[in-house]
Amino acid sequence: MLSIGFWSIATALHAFARGVVSLTIFRSLLGVSEAGNWPGAAKGNAEWFPTKERALAQVIFNSGAAIGGIIAFPTLGF
């Protein structure tokens, strides 16, 4: 829970980046806190979903991050 909270705060701090230094600091905080976020989410899926539904839940969780990375580049370009 602490890691996900820290990751959420680090993500929100990106809105306040005003230069390379602040962006580098916020990206570093995001990288440090992300290590606990993904295993925590996988464990949450394992605890909340029945065995037959876990794979689908994990695919939906992982695809959100992948699709976000794909859509962000052209969206920001325009």
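In the predicted model, Ala41 is buried, with a relative accessible area of 15%, and this residue lies in helix H2. Although Ala41 and Met1 are 40 residues apart along the chain, their C-alpha atoms are separated by 9.9 Å. Ala41 also belongs to the set of H2 residues that take part in the contact with helix H3, as described below.

Helix H2, which spans residues 20-48, packs against helix H1, formed by residues 2-13, at an angle of about 155 degrees and with the two axes 8 Å apart. Because an angle over 145 degrees counts as roughly antiparallel, H1 is described as roughly antiparallel to H2. The crossing of these two helices, H1 and H2, is left-handed. On the H1 side, the contact is formed by Ser3, Ile4, Phe6, Trp7, Ala10, Thr11 and Leu13, which meet Phe26, Leu29, Leu30, Ser33, Glu34, Gly36 and Asn37 on the H2 side. Divided by class, the residues of this contact between H1 and H2 comprise eight nonpolar, five polar and one charged.

Helix H2 also packs against helix H3, which covers residues 51-77, here at an angle of about 150 degrees and with the axes 9 Å apart. H2 and H3 are therefore likewise assigned as roughly antiparallel to each other, while their crossing is right-handed. The H2 residues involved are Trp38, Ala41, Ala42, Asn45 and Ala46, and those contributed by H3 are Arg54, Ala57, Gln58, Phe61, Asn62 and Ala65. In terms of class, seven nonpolar, three polar and one charged residues make up the contact of H2 with H3.

Among the polar participants in the contact between H2 and H3 is Asn45, a residue of helix H2. Asn45 has a relative accessible area of 11% and is classed as buried, because the limit for that class is under 20%. When neighbours within four places in sequence are left aside, Asn45 is in contact with Arg54, Ala57, Gln58 and Phe61, and these four partners are listed among the H3 residues of the contact with H2.

Helix H2 further carries a pair of charged residues, Lys43 and Glu47, which lie four residues apart in this helix and are therefore separated by about one helical turn. The side chains of Lys43 and Glu47 meet in a salt bridge, with a distance of 3.7 Å from N to O, and the count of salt bridges by the rule applied comes to one. In contrast to the buried Asn45, both Lys43 and Glu47 are exposed.

Technical notes:
Residues are numbered from 1 along each chain as its sequence is written. This is a predicted model: local features need pLDDT of at least 70, side-chain atom pairs count only at pLDDT 80 or more; totals for chains, interfaces and linings use all residues. Side-chain values use heavy atoms; hydrogens and water are left out. Axes are lines fitted to C-alpha atoms, for helices over the stretch in contact, and angles run from 0 to 180 degrees between N-to-C directions. Angles under 35 degrees count as roughly parallel, over 145 as roughly antiparallel, 65 to 115 as roughly perpendicular and the rest as oblique. A crossing is left-handed if the near helix is turned anticlockwise from the far one by less than a right angle, and right-handed if clockwise. Contact means heavy atoms within 4.5 Å. Buried means under 20% relative accessible area, exposed over 50%, partly exposed in between (1.4 Å probe, protein chains only). A salt bridge is a side-chain nitrogen of Lys or Arg within 4 Å of a carboxyl oxygen of Asp or Glu.
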